[in-house]
Amino acid sequence: MENYILLGLLAACAAAATVWGVLAREDEHQRASAQADELLRANQALRMASSCRAALLHASSAEEMMAAMCRVISAEGAYSLVWTGLSMAGSSKDLLASEIQGTPAGRFAAAAGGLQRGCACEGIALDVMGDGQLRLRHGTPAEYGYPSVLALPLDGTGEDASPTGVLCVYSIDPCAFDADEVQVLQELAADLALGLRNMHEARRRRAAEQASASHAHHDPATGLANRALFNDRLRQALVAAERTGRKVAVLALTMDRYRGVKASLGPEACSALLMHAASAMKSCLREGDTVAHLLGNEFAVILSDMANDDDVLPVAGKLLEAIKAPMRWKDNIVNTTASIGVALMGEGGAEPSVMLRSANSAMAHAVGHGGNRFRFVAQEMNERASRMFALEAELRSALVHNEMVVHYQPRAALSDGSLAAAEALVRWQHPVRGLVPPAEFLPLARR
């Protein structure tokens, strides 16, 4: 009997040992599986962090930074939905959803009630914007039906500044975001915030540099090129003309009644008159030409890439007419005229300073002859300009007195010499000079 009892006890112990062995192996397997899962998630988080930082380094704008961050977190981290929101005009209540990645992005955008356009949306994101602390919710459909939501602030530009934005990560896993994940995502949010700050600072610095460069090369009163930029562009135009065989002209211009306007209406009216002249001159010039404000009421113009010297004549005439247009100043109508001096390339040299000095000398002659005219350095060009304006006045009179006549020139067929058609050609029957060649008056008619 005792032997049977002993055998039973031995069998029970063996069975218990077997059960404990099975349980121990199962527990060991579970621990190994948990360790493998933990290692897998750690590797996944490291890959996500590495990809995010690489994407930030290659982004060329704030928009690209946010898009890359959301895209990588959603794809590499296997999160259901990721978006970044930026505060609108420093508000902690209005967010602009700058980027949305994941599924279902369309449902999210619709549920957000216009979040993409900016609105006062309720939820965990605004909690973060209120105090700058991360928020984590588990277990219930906390926002838009996702059981797990993590919202991380994107810090502002100063140490005590409120957040400028928020990074929100959603998961369908009710137990998502362990301590290690939260730490990694916090670090990525800090990297994104730093990248956005650096991008903002770089953009601000570029704007300041551009403003400084513009101030260094432009006149603050009129926005036109200043003397330094004028000299540089004239030098470039002369080099290009030497290479291509084209022509360059410099026009020096002064307003005839500037001092009288200043004495009667004050300096503000003179400032308005300068702007009037600047606008008038720009309207007469081509895109490649340059108009500069040098000093007081003195301007200079570069006419580049001209086919011949005569091309300057119609432009000078247009400038005189444009500046002559009345300007309204408060309750006054201000009328002014201009005196223009013209220096052509090759007259006394092709140095910028020489050409401007020659144009100023010709401008002084124009002022001395009563203003409202232009004068050249070379007397030959002055005589040619006088003939042109005289002919232009006669052409206007010819149109009034019907001095234009039509001549018909027959066209014959080469095959048999028969009359096939006729060309109608306009001719000017001048009462004193007779028939004026078309080459003389057609350029004037095209002006």
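Q: In which sense do β6 and strand β8 pair, and over how many bridges?
A: In this predicted model, β6 lies beside strand β8, which covers residues 298–306. One point of register between the two is given by A252, whose bridge partner in β8 is A300. The pairing of β6 with β8 runs in the antiparallel sense, over 7 bridges.

Q: Which residue of β11 stands opposite V250?
A: Strand β11, made of residues 338–344, also pairs with β6 in the antiparallel sense, and this pairing has 7 bridges. Within that pairing, the residue of β11 that stands opposite V250 is A343.

Q: How many of the 9 residues of strand β6 are buried?
A: Strand β6, residues 247–255, pairs with β8 and also with β11. The strand is largely enclosed by the rest of the structure, because the number of its 9 residues that are buried is 8.

Q: What distance separates the end C-alpha atoms of helix α2?
A: Helix α2 runs over residues 62–76, and its 15 residues, at 1.5 Å a residue, should span 21 Å. The model agrees with that expectation, because the end C-alpha atoms of α2 are apart by 21 Å.

Q: Which residues of α2 are buried?
A: An α-helix has 3.6 residues a turn, so residues three or four places apart point the same way. In α2, the buried set includes A62, M65 and M66, and it also takes in M69, C70 and I73. Written out in full, the buried residues of α2 are A62, M65, M66, A67, A68, M69, C70, V72, I73 and S74.

Q: Which residue that follows α2 has a positive phi?
A: After helix α2 comes a residue whose phi is positive, near 60°. That residue is A78.

Q: Is S171 buried or exposed?
A: S171 belongs to strand β5, which covers residues 165–171. Leaving aside residues up to four places away in sequence, S171 touches Y79, S80, Y146, P147, S148, A176 and F177. Its relative accessible area is 6%, and because the cut-off for burial is under 20%, S171 counts as buried.

Q: What separates the C-alpha atoms of S171 and L81?
A: S171 and L81 are 90 residues apart along the chain. In space, however, their C-alpha atoms are separated by 6.8 Å.

Q: Which residue's backbone nitrogen does the side chain of S171 reach?
A: The side chain of S171 comes to 3.0 Å from a backbone nitrogen, and the cut-off for a polar contact is within 3.5 Å. The backbone nitrogen reached by S171 is that of D173.

Note on methods: Residues numbered from 1 in each chain as written. Predicted model: local features only at pLDDT ≥ 70, side-chain atom pairs only at ≥ 80, totals over all residues. Heavy atoms only, no water. Buried < 20%, exposed > 50% of the residue type's maximum accessible area, 1.4 Å probe, protein only. Helix = DSSP H or I, 4+ residues; strand = E, 2+ residues; numbered from the N terminus. Pairing = 2+ DSSP bridges. Expected span 1.5 Å × (residues − 1). Contact = heavy atoms within 4.5 Å. Polar contact = N/O pair within 3.5 Å; in protein donor to acceptor, adjacent residues only side chain to side chain.
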